[in-house]
Amino acid sequence: MAKTDIGPPDYRTMLPETVKKNYGKWKYHEILQPGVLKHVSETGDELYTVRAGSPKLVSIDFIRDICDIADKYCDGHLRFTSRYNIESMTPGKTKVAPIIEEVKKLGLPVGGTGKSISNIVHTQGWIHCHSAATDASGVVKAIMDELYDYFITMKLPAKLRIALACCINMCGAVHCSDLAVVGIHRKPPRVEHERLSIVCEIPTTMASCPTGAIRRHPDPNIKSVVVNEERCMYCGNCYT
């Protein structure tokens, strides 16, 4: 396949050798214990996966630590799931226990498989987003502290997925989760007519409203907008 500098690199070049060799040939998988998966191929090859829960916002030092584990036990391969789990994959069964030990030394729980709660997926919150009605990381930490035991065990009736969105724009994948926590703004925006034309582009501000609640001011001499509060959905798009 020709190499280009357009778009992301070919993912197939980054797969572990066992995955690359058995791509499309996996026969079945089983959960050996919470957080540990075993995949078996038609060729007889086995792949063991250790899943650990991770925060969404991490430091460079943290990334270096988990990469050290990947270098030591997984030939440098590491996988992040869409719900912020870290997966260490190895064909060697004897490496599973050392990986679990190393991961737990970093303070990460091993689990999130089978009939358990998966790691909570969430939005950026105040660390990044301008329209957030609530923080994300703090709320998620508080929830997972209470539900921690359901992550490291498999005693729920079925898999449970929880998501948190900081506003009703809901970029936190709440639409594909079982339970959702959604932060909402409770008041419509207040317009400062004297400042608006200085700090905002009026056409862009109007276009940002998904319900068409923002319209140009009826007085042509006033370069501002008005808000139809009955149509406002409190999303916060207009001031981001």
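Let me begin with a definition: when I say helix I mean a DSSP run of H or I with at least four residues, and when I say strand I mean a run of E with at least two, with both kinds numbered from the N terminus. Please also keep in mind that what we have on the screen is a predicted model.

I will start with helix H3, which runs over residues 96-105. Within H3, Lys105 forms a salt bridge with Glu101, and the closest N and O atoms of that pair are 4.0 Å apart. These two residues are four places apart in H3, so about one helical turn separates Lys105 from Glu101. Lys105 is exposed, at a relative accessible area of 61%, whereas Glu101, at 48%, counts as partly exposed.

Which residues of H3 are buried? They are Val96, Ile99, Ile100, Glu102 and Val103. Viewed down the axis of H3, these buried residues fall within an arc of 165°, and they therefore line one face of the helix. The face of H3 turned away from that buried side carries the exposed residues Ala97, Lys104 and Lys105, so we meet Lys105 here again, because a residue counts as exposed when its relative accessible area is over 50%. As for what the buried side meets, the buried residues of H3 pack against strand E1 (26-33), strand E2 (36-41), E3, H2 and E5. Just after H3 comes Gly107, which takes a positive phi of about 85°.

That brings us to helix H2, which covers residues 60-73. H2 has 14 residues and reaches 20 Å from its first C-alpha to its last, close to the 20 Å expected at 1.5 Å a residue. The buried residues of H2 are Phe62, Ile66, Ile69, Ala70 and Tyr73. They cover an arc of only 100° around the axis, which places them on the same side of H2. These buried residues pack against strand E4 (79-80), strand E5 (85-90) and helix H3, while the face of H2 turned away from them carries the exposed residues Ile60, Arg64, Asp71 and Lys72. Just after H2, Asp75 takes a positive phi of about 55°.

There is also a surface feature to point out here: Val58, Ile60 and Ile63 make a nonpolar surface patch of about 240 Å². Of these, Ile63 is placed in H2 and is partly exposed, with a relative accessible area of 35%.

Ahead of H2, in the loop that connects strand E3 (46-53) to this helix, we find Ser54. Is Ser54 buried or exposed? Its relative accessibility is 7%, and Ser54 therefore counts as buried, the cut-off for that class being under 20%. If we leave aside its neighbours within four places in sequence, Ser54 is in contact with Phe62, Tyr84, Ile86, Leu108 and Asn119. One of these, Phe62, belongs to the buried residues of H2 that I listed a moment ago. The C-alpha atoms of Ser54 and Asn85 are separated by 5.5 Å, although the two residues are 31 places apart along the chain.

Another of the contacts of Ser54, Tyr84, deserves a word on its backbone, since Tyr84 has a positive phi of about 65° although it is not a glycine. Tyr84 is found in the loop between E4 and E5 and is buried, with a relative accessible area of 15%. Tyr234, which lies in the segment after strand E10 (225-227), also has a positive phi, near 60°, in a residue other than glycine. At 30% relative accessibility, Tyr234 counts as partly exposed.

Finally, let me return to charged pairs. Side chains of opposite charge can pair when their charged atoms come close. A search of the whole structure finds 14 salt bridges. Among them is the pair of Glu46 with Lys38, whose closest N and O atoms are 3.4 Å apart. In this pair Glu46 is partly exposed, at 29% relative accessible area, whereas Lys38 is buried, at 14%. Glu30, Lys38 and Glu46 are linked in a network of salt bridges.

In helix H4 (residues 137-152), Lys141 and Asp145 lie four residues apart, about one turn of the helix. Lys141 forms a salt bridge with Asp145, with the closest N and O atoms 2.8 Å apart, and Asp145 is partly exposed, at a relative accessible area of 46%.

Notes: Residues numbered from 1 in each chain as written. Predicted model: local features only at pLDDT ≥ 70, side-chain atom pairs only at ≥ 80, totals over all residues. Heavy atoms only, no water. Patch = residues over 30% accessible without salt bridge, like charges linked within 9 Å, V, L, I, M, F, W, Y side chains within 5 Å. Areas by Shrake-Rupley, 256 points an atom, 1.4 Å probe, with all protein chains shown as cover. Salt bridge = Lys/Arg side-chain N within 4 Å of Asp/Glu carboxyl O. Buried < 20%, exposed > 50% of the residue type's maximum accessible area, 1.4 Å probe, protein only. Expected span 1.5 Å × (residues − 1). Arc of directions from axis to C-beta. Contact = heavy atoms within 4.5 Å.
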